Each structure stands twice: as C-alpha cells, then as structure tokens.
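Colleague: I would like to learn how to read a model with bound molecules in it. Could you take me through one, step by step?

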Amino acid sequence: KSGEILSEKHLEQFEARLIQTDMGVAATTRIVSDLRQEHLGRTMKVDELWATVRATVKSILKGTSTTTYDPEQPLSPLNFSESRPTVILVAGVNGTGKTTTIAKLARLLTSQGKTVLLAAGDTFRAAAVEQLTLWSQRLGCDIVTKPAGTDPAAVAFAGCEAAVKAGVDVLIIDTAGRLHNQQNLMQELEKIRRVIGKQIPEAPHESLLVIDATTGQNGLNQAQAFSKAVSTTGLILSKLDGTARGGVAVAIRQQMGIPVKYVGVGEGIDDLEVFDPDQFAEALFAE
Amino acid sequence: MFESITQGLQGALTGIFRSGKLTEANIREGLKQVRQALLEADVEYNVATQFIEKVTAEAVGEKVLKSLRPDEQLIGIVHQQLIALMGPTDHSLHLRRDGINKIMMCGLQGAGKTTTCGKLARKLKADGWKPLLVAADMQRPAAIEQLKTLGQQLDVPVYAEAPGGNPVAVCKNGLAHAKTAGANVVIFDTAGRLHVDDRLMFELEQIDSRVQPDQVYLVCDAMTGQDAVRSAKAFNDALELDGVILTKLDGDTRGGAAISVKQVTGVPIKFVGMGEQLDRLEPFHPDRMAGRILGM
Ligand SMILES: Nc1nc2c(ncn2[C@@H]2O[C@H](COP(=O)(O)OP(=O)(O)OP(=O)(O)O)[C@@H](O)[C@H]2O)c(=O)[nH]1
Ligand SMILES: Nc1nc2c(ncn2[C@@H]2O[C@H](COP(=O)(O)OP(=O)(O)OP(=O)(O)O)[C@@H](O)[C@H]2O)c(=O)[nH]1
Ligand SMILES: [K+]
Ligand SMILES: [Mg+2]
Ligand SMILES: [Mg+2]
C-alpha cells in the first residue's frame with residue numbers, strides 16, 4: 001500500500017492502541033506528540049510508523065543497563081553471588097503469582113544444575129505454606145517452613161541459616177502478598193530484607209517484584225513502593241498468557257529503570273520465559 | 001488529585017462565563033482533561049471515549065450556574081454521569097427462604113475468589129443463613145486446603161474431594177451434600193481461569209448448566225487495567241453474570257476497571273473487598289467509586 005496523509009484520525013488510532021497496552025497516558029502522549037510533530041499532514045505509511053513506535057518501545061525496554069536477555073541462557077537475567085548461596089527475595093501485591101513463579105524459577109535453576117532451597121515466608125495467607133510445600137515436593141527440592149502466624153522474618157532467618165549450612169546454590173524466599181500502601185506490611189518486608197542482609201552479606205542478590213500483566217497504572221505505584229522497601233532489582237511479569245499486554249512494564253522501565261527479567265505464561269511449572277524485549281514489543285501492538 | 005483536576009479545568013474553561021451557556025466548544029478543553037483523568041484511572045479507552053460523548057451531550061445547552069465555578073459545574077455533571085453509569089445499586093444476594101440457594105464465583109487467577117467466598121460465607125452466617133462452601137478448584141496447589149482453612153476459621157462447613165478430580169462432579173456432589181447437611185446457601189469456589197482458555201471456560205459452563213446457580217458473580221481485581229473489558233465480557237458471554245465483586249480496593253488504585261466492567265456486563269457491582277481479612281467486605285457505593293476515580 002502506498003502512503004496516506006497522516007491525520008488526527010490516524011493519531012487517535014495510535015493513541016487508542018498505545019493506551020490499550022496499559023503503558024499509560026504519559027508514555028502514550030509522548031509517543032503520539034512525537035508522531036504529530038514529525039509526520040502530521042505528511043504522506044506516510046502507517047505500518048512504517050508502527051515500526052518506529054515498536055523500535056522506541058524496544059529501546060525503552062532494553063534501557064541502558066547491563067541486563068542480558070539471552071533466551072538460550074535461561075539464567076542470564078539473574079545476578080549470582082560469588083559465594084553460596086545466592087538469595088532471591090520475591091515480593092508483590094496480592095495474588096500476582098509470587099508463589100507459582102518461585103516454583104517456576106526453582107525449576108529453571110534446578111534444570112541448569114543449581115541446587116535450590118525454598119523458604120515459605122508467607123505465614124499469613126490460608127494454606128500458603130501448604131501451596132509452596134506441594135510445589136517443593138513436585139520439584140524435589142528442600143523447603144524451610146514455620147507454622148502459620150510465625151514472624152516471616154524468622155522464616156527468612158531460618159532459610160538463610162539452612163541454605164548456608166546445606167551449601168545450596170540458591171535460596172528463594174516467598175513472601176505474603178501485600179498492598180504497597182500498607183505501611184506496616186511494607187515495614188515487615190523491610191525487616192525481612194534486613195534480616196537476610198545481616199545473615200548473608202550483600203543478600204538478597206535479587207529482589208524480584210511480581211507484577212500481574214493485567215495490572216493497570218497502579219503497577220507504577222507498586223514498583224515505587226516495593227523498590228523503596230526492598231530495592232527491587234527486577235520485575236517478573238506474570239499471566240502474560242492472557243489478552244493483557246502488560247504495558248505498565250514499559251512505564252516502569254521508563255520512569256524507574258527497573259528491568260523485566262522473566263515473564264509468566266501459564267500456571268504450569270515450565271511456564272516461565274526469559275523476557276525478550278523484541279518479542280514483547282511486537283506482541284504489545286499485535287492486532 | 002481533585003485539586004489538580006479542577007485547577008487544570010479552571011484554566012481550560014475560561015470562555016464559559018461570557019457565553020452564559022455550556023457549549024461543545026467551551027467545554028471541549030475541560031472534557032479533554034477529564035478524559036485524560038479517566039484513562040489515568042484505568043478506564044478502558046473506548047469506554048472513556050463513549051463516556052465523554054455522553055457527558056458532552058448532557059452538558060451542552062446547560063445554563064452556566066452563578067452559584068458554582070464552571071469547573072465545579074462540569075465536574076459535577078461528570079460525577080453525576082459516573083454515578084448513573086455505575087448504578088443503580090443492588091446489594092441483594094436474592095436469597096429465598098425455601099430450598100437451597102446457589103452462588104457461584106468465577107474469575108481470573110488470583111483475583112480473590114476463594115477469599116471472597118470466605119467473606120460471603122461469614123456475612124451469610126452472621127445474617128442467620130447456613131452456608132456451605134464447595135471447593136471446586138481442583139487445579140491450583142493447596143486451593144482446597146485454603147478454603148478448608150477459611151471454613152475452619154469461620155466455623156462454616158466445606159465440601160471437598162481429593163485434588164485432581166472433576167470440578168463438575170464436585171459441584172454436583174457438593175449440592176447433594178448440602179441437602180443432607182441442612183445448608184441453605186451453597187457457595188462454589190471455582191478455579192481461576194483465563195477467559196481465552198476454551199477448555200476451562202467450557203468447564204465453567206458445564207458447572208453452570210449442571211448446578212444452575214441462582215447467582216453467578218465475577219470476582220475482579222480493582223487494579224485491573226485496560227484488559228478488564230475483555231475478560232469481563234467473556235465471562236458474561238459464557239455465564240450470564242448476576243453481579244461483580246471488586247477486590248483489593250484497600251489499595252491506592254483509582255479503580256477505573258469498575259466503570260469498564262459495569263459498562264460491558266451491565267450487571268450490578270455488588271460488593272467491594274477492602275482487605276484480606278474475612279470481615280472486609282462492603283457494599284458497593286457508586287458515588288464513592290465515582291469520587292475515587294476522579295480523585296476527589
Ligand atoms: N494464567 C496464568 N496464571 C498464573 C501465572 N502465574 C500464576 N498464575 C496463577 O495465579 C494465581 C495466583 O498465583 P499465586 O502464585 O498463588 O500468587 P501469589 O502472588 O503467591 O498470591 P498471594 O500469595 O496470595 O499474594 C494461581 O491460580 C496461579 O496458578 C501465569 O503466568 N499465568
Ligand atoms: N488487600 C486485599 N487482598 C485481597 C482481597 N481479596 C483477596 N485478597 C488477597 O488476594 C490474594 C488472592 O486471593 P485468593 O482468594 O486466593 O484469589 P483466587 O481468585 O481464589 O485465586 P486463584 O484461585 O488462584 O485463582 C490473597 O493474598 C488474598 O488474601 C482484598 O479485598 N484486599
Ligand atoms: K490479579
Ligand atoms: Mg503466595
Ligand atoms: Mg482460589
């Protein structure tokens with residue numbers, strides 16, 4: 001198809017599709033006004049403009065950090081400690097997929113020859129300990145648990161102790177879902193992190209925030225608050241197997257610089273993929 | 001937030017005083033800002049666009065009131081229209097005193113279905129009903145255990161079978177059990193599923209046709225973004241929903257999903273979840289929700 005004259009109508013269509021990814025008004029407005037400034041009233045091919053938009057988003061997602069995205073190397077996004085154990089803390093708001101993601105991560109690690117220990121740090125939600133215990137049985141890896149109602153920092157403490165003693169490669173600590181605007185619960189999370197850091201220098205080596213791909217603009221508030229409490233090192237975008245595009249990750253990357261490391265694409269143990277910015281940006285605007 | 005909306009609007013509405021009437025031209029800039037606020041609150045794009053058209057139609061021709069600033073007048077109209085869109089309220093579970101009432105929960109993974117089942121059971125028990133919870137999530141690890149734990153906390157019976165069984169059968173058996181156990185409200189906790197998962201959506205339809213629930217509620221996370229319209233529409237198409245329950249509203253999300261979901265399903269939003277604890281279930285109030293979405 002040869003070019004058409006870019007009109008406000010076209011720009012509206014760009015706006016609609018950008019907003020519908022959940023990347024937010026600010027990022028959308030920036031992209032649309034760039035298009036307006038450069039191309040309004042000129043003859044051009046809409047497909048080519050989409051290619052530019054995708055390229056913009058890709059470069060935002062890749063950022064300037066050193067995070068590598070090598071789909072052939074499933075552990076490439078993770079930071080490993082020089083000495084054992086590497087500690088991974090997993091946090092997020094309620095129901096995003098933390099516990100399931102931990103099982104998937106453990107699977108990825110063990111499949112690459114790493115030994116893994118889990119710590120069931122959600123002592124609050126009904127049957128959360130049982131949930132992670134079931135996963136550990138399926139994975140065939142060890143788990144540290146304490147009775148429901150125990151201070152989660154004590155579970156983290158026991159996890160660190162056991163991980164050091166057993167000499168495992170990686171310790172992954174689950175935490176209860178909590179809304180980021182609940183001060184006391186965020187302080188509890190800070191305490192968990194402090195306890196880990198006291199036991200094992202430099203730990204946690206990864207502080208992962210699990211964000212549900214269906215999340216709207218609140219994802220930004222989540223990233224800000226969790227980052228403040230536990231210095232988030234990366235996002236895992238769960239539930240990307242639905243129709244939600246997960247565009248809020250673009251806004252988080254752009255405004256806060258936190259990279260996406262993995263994406264969840266199902267409820268099964270193998271449904272975790274290394275984040276691929278190119279593939280993600282393609283899917284973001286797919287019809 | 002209300003401050004920022006009105007401040008922006010004051011600047012955008014300066015032409016209004018002279019004309020004495022609200023016209024499409026003199027409210028255009030103001031409504032643009034309202035639309036932006038709606039999008040920032042996660043109202044779905046097309047829903048927001050249609051809503052602004054409706055407000056425009058409603059506002060144009062109105063006399064400029066002397067008692068209010070034009071921005072206040074415009075926000076007032078927007079506020080009223082939002083309330084109208086999200087209403088009317090209907091907090092009733094439509095329970096009958098004779099026979100067994102059946103309530104089914106459905107929704108995406110992690111939305112809050114199991115917790116909400118517990119909350120409803122608690123409320124029903126307090127109102128003098130005899131609830132029975134049925135654990136029909138045979139899929140997620142420890143989902144049955146989770147519901148059993150809630151049942152224990154509430155002293156409400158839970159019907160469950162071994163994990164991995166057939167959820168349709170469990171619901172049927174659970175219903176039969178309710179008769180012998182003397183329960184008069186059965187609440188079915190179904191597994192979370194994606195609206196595009198044909199196999200699991202079919203399973204839900206089968207449960208629906210076998211136990212014929214009186215009330216089917218979609219449990220929806222208030223933090224949901226643009227995708228809310230797609231998932232809610234798919235669940236409504238499959239099941240003919242009777243209501244929506246909006247969870248996790250104790251967060252700081254503006255909650256624009258409430259508008260999107262109401263718009264595409266047309267069914268009332270019954271309750272909101274205001275916390276993880278089982279007593280944190282409240283009736284839905286459109287006026288509060290409208291204020292929240294606008295940041296008032
Ligand atoms: N479709 C899909 N479902 C997922 C994915 N990840 C997790 N889930 C489902 O989401 C639901 C919640 O997962 P959990 O792992 O329990 O979430 P959580 O964050 O630990 O929840 P809380 O501990 O209660 O805050 C479960 O039904 C999971 O099976 C994913 O990538 N895709
Ligand atoms: N803050 C808050 N958390 C909630 C609310 N409702 C549910 N939750 C939490 O959300 C998480 C998921 O709740 P569940 O009841 O397990 O959700 P579900 O829809 O049954 O999940 P699946 O069965 O895995 O699909 C848990 O951590 C709950 O405690 C609420 O209103 N506010
Ligand atoms: K969710
Ligand atoms: Mg969990
Ligand atoms: Mg459940």
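Modeller: Happily! Keep in mind that this is a predicted model. Let's begin with ligand 1: there are 22 residues around it, and A:G97, A:K98, A:T99, A:T100 and A:E267 come nearest.

Colleague: Where does ligand 1 lie with respect to the chains?

Modeller: Ligand 1 sits between chains A and B. The biggest contribution to its shell comes from helix α4 (residues 98–111) of chain A, which gives four residues.

Colleague: How do I read the classes of residue in the shell around ligand 1?

Modeller: Sort the shell by residue class and count each class. For ligand 1 that gives twelve polar, eight charged and two nonpolar residues.

Colleague: And which atoms of ligand 1 have polar protein atoms beside them?

Modeller: Here we look for pairs of N or O atoms within 3.5 Å. A polar side-chain atom of A:T100 is 2.5 Å from an oxygen atom of ligand 1, and one of A:D241 is 2.9 Å from a nitrogen atom of the ligand. The backbone can take part too: a polar backbone atom of A:T96 lies 3.2 Å from an oxygen atom of ligand 1. As for cover, ligand 1 taken alone exposes 650 Å², and the protein buries 96% of that.

Colleague: Let me try ligand 2 in that way. Which residues come nearest to it?

Modeller: Ligand 2 has 23 residues around it, with B:K113, B:T114, B:T115, B:R140 and B:E276 coming nearest. Ligand 2 also lies between chains A and B. Helix α6 (residues 113–126) of chain B supplies the largest share of its shell, four residues.

Colleague: How many residues of each class are in the shell around ligand 2?

Modeller: Eleven are polar, eight are charged and four are nonpolar. For the polar atom pairs, a side-chain atom of B:T115 lies 2.5 Å from an oxygen atom of ligand 2, while a side-chain atom of B:D250 lies 2.8 Å from a nitrogen atom of ligand 2. From the backbone, a polar atom of B:G275 is 3.3 Å from an oxygen atom of ligand 2. The protein covers 97% of the 650 Å² of accessible area that ligand 2 has on its own.

Colleague: Now the ion. What coordinates the potassium ion?

Modeller: For an ion, look for the protein atoms that coordinate it. The potassium ion (ligand 3) is coordinated by A:D212 (OD) and B:D221 (OD), at 2.7 to 2.8 Å. This pair crosses between chains: A:D212 is in strand β7 (residues 206–212) of chain A, and B:D221 is in strand β5 (residues 215–221) of chain B.

Colleague: Are A:D212 and B:D221 buried or exposed?

Modeller: Both A:D212 and B:D221 are buried. Strand β5 of chain B also holds B:Q215.

Colleague: Why does B:Q215 count as buried?

Modeller: Compare its relative accessibility with the cut-off: buried means under 20%. B:Q215 has 7%, so it counts as buried. Its side chain makes a polar contact with the side chain of B:Y217 (2.7 Å).

Colleague: Last one: how do I read a whole chain, such as chain A?

Modeller: Start with its elements: chain A has ten helices and ten strands. Its C-alpha trace spans about 70 × 40 × 30 Å along the principal axes. A compact globule of 287 residues would have a radius of gyration near 19 Å, and the 21 Å of chain A agrees with that. Finally, buried residues make up 56% of the 287 residues in chain A.

Technical notes:
Residues are numbered from 1 along each chain as its sequence is written. Chains are lettered from A and ligands numbered from 1 in the order in which they are written. This is a predicted model: local features need pLDDT of at least 70, side-chain atom pairs count only at pLDDT 80 or more; totals for chains, interfaces and linings use all residues. Side-chain values use heavy atoms; hydrogens and water are left out. A residue is near a molecule or strand if one of its heavy atoms lies within 4 Å of it. A polar contact is a pair of N or O atoms within 3.5 Å; within protein, one must be able to donate a hydrogen and the other to accept it, and residues adjacent in sequence count only if both atoms are side-chain atoms. Accessible areas come from the Shrake-Rupley method with a 1.4 Å probe; for residues, only the protein chains shown count as cover. Helices (H or I, at least four residues) and strands (E, at least two) are DSSP runs, numbered from the N terminus. Ala, Val, Leu, Ile, Met, Phe, Trp, Tyr, Cys and Pro count as nonpolar, Asp, Glu, Lys and Arg as charged, and the others, Gly among them, as polar. Donors are N, O and S atoms within 2.8 Å of the metal (3.2 Å for Na, K and Ca); water is not among the atoms, so sites may look incomplete. Buried means under 20% relative accessible area, exposed over 50%, partly exposed in between (1.4 Å probe, protein chains only). The radius of gyration is taken over C-alpha atoms; the globule rule is 2.2 Å times the number of residues to the power 0.38.
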